[in-house]
Amino acid sequence: MYTILVVDDSPMIVDVFVTMLERGGYRPITAFSGGECLEVLNATPPDLVLLDIMMEPMDGWETLERIKTSPALRHIPVLMLTAKPLTPEEANEYGPYIEDYILKPTTHHQLYEAIEHVLARRHSIATNIERAREAGVDQKLVDEYERLAKSVDINRRLLKILETTYSIKDTRAGMGEDITRAIKSMAASIKIQEERLNQVRAEFEGLFEAR
């Protein structure tokens, strides 16, 4: 049974997600602020964190930074769960540190899918890394694979959220063109990463077959 930490400054929202997680077969634990989240993580590291953004005095982004700059905590996957629409700037800045981004309100099916996707991705990457090391793949190439495999998958999901959230036809206050440009730039970056990831995977397969 996976342990999942729910972090939100609204007790009512925490109760809702605790119930959803229990029904899904997970073991939820709770925190009601960024500071309490860090305390819980140090005392009882979970398998995954569901982290709200709009909290005070420490918001979710600052809490995320504290987690990812801590050598003892940065390996813990963090899934942002919030009512705040994602912006292109946030996707670029925080994309490397999060596992997914879910907008509230969400259904239990959407929540379970996101959690299982994160856990399955991490398992798949870890399995491929283990095979690569056993095959004697250079560590730099292994590290590059790990970074790209996670980045491509997460950025695809973030891009889909941005495309759904912002209409490229929306030009109100001159914001439409800027957002459209940012989304297209992100899509182009993902394409470049995908091409390199495919090259790395091909190198892996060549070494696997040579064994």
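**Exercise 1. Describe the exposed surface and the charges of the chain in this predicted model.**

Solution. Begin with the surface: the chain exposes about 11,500 Å². Carbon and sulfur atoms supply 52% of that area. Turn next to the charges. The side chains comprise 25 positive and 35 negative ones, and 4 Å separates the centres of the two sets.

**Exercise 2. Establish the order of the secondary-structure elements and judge how compact the chain is.**

Solution. Count the elements: there are seven helices and five strands. Read from the N terminus, they follow the order β-α-β-α-β-α-β-α-β-α-α-α. Now compare the radius of gyration with the globule rule. The value for the chain is 18 Å, close to the 17 Å that the rule gives for 211 residues, so the chain is as compact as a globular protein of that length. Along the principal axes, the C-alpha atoms fill a box of roughly 55 × 45 × 30 Å. As to the interior, 46% of the 211 residues count as buried. Finally, consider contacts between residues at least 6 apart in sequence: 67% of them join residues at least 24 apart.

**Exercise 3. Locate the annotated domain and state its helix and strand content.**

Solution. The UniProt record, an unreviewed entry, places the feature "domain: Response regulatory" at residues 3–119. Within this span, helix accounts for 44% and strand for 20%. The C-alpha atoms at its two ends lie 12 Å apart.

**Exercise 4. Which residue does UniProt list for "modified residue: 4-aspartylphosphate", and is D52 buried or exposed?**

Solution. First, consult the annotation: the unreviewed UniProt entry lists D52 for this feature. Second, place D52 in the fold; this residue belongs to the loop between β3 and α3. Third, apply the cut-off, by which buried means under 20% relative accessible area. The relative accessible area of D52 is 4%, so D52 is buried. Fourth, examine its surroundings. Leaving aside residues up to four places away in sequence, D52 touches V7, D8, D9, G60, L81, T82 and K104.

**Exercise 5. Identify the cis peptide bonds from E56 to P57 and between K104 and P105, and assign each proline to a loop.**

Solution. Take the bond from E56 to P57: it is cis, with omega near -5°. P57 lies in the loop between β3 (48–51) and α3 (60–68), and the loop between β3 and α3 also holds D52. Proceed to K104 and P105, which are joined by a cis peptide bond with omega about -5°. P105 is in the loop between β5 (100–103) and α5 (108–134). To connect this with Exercise 4, note that K104 is among the residues that D52 touches.

Note on methods
Residues numbered from 1 in each chain as written. Predicted model: local features only at pLDDT ≥ 70, side-chain atom pairs only at ≥ 80, totals over all residues. Heavy atoms only, no water. UniProt positions renumbered as here; feature names shortened; annotations may be inferred. Helix = DSSP H or I, 4+ residues; strand = E, 2+ residues; numbered from the N terminus. Rg over C-alpha atoms; globule rule 2.2 N^0.38 Å. Buried < 20%, exposed > 50% of the residue type's maximum accessible area, 1.4 Å probe, protein only. Contact = heavy atoms within 4.5 Å. Areas by Shrake-Rupley, 256 points an atom, 1.4 Å probe, with all protein chains shown as cover. Lys, Arg positive; Asp, Glu negative; His and termini not counted. Charge placed at Lys NZ, Arg CZ, Asp CG, Glu CD.
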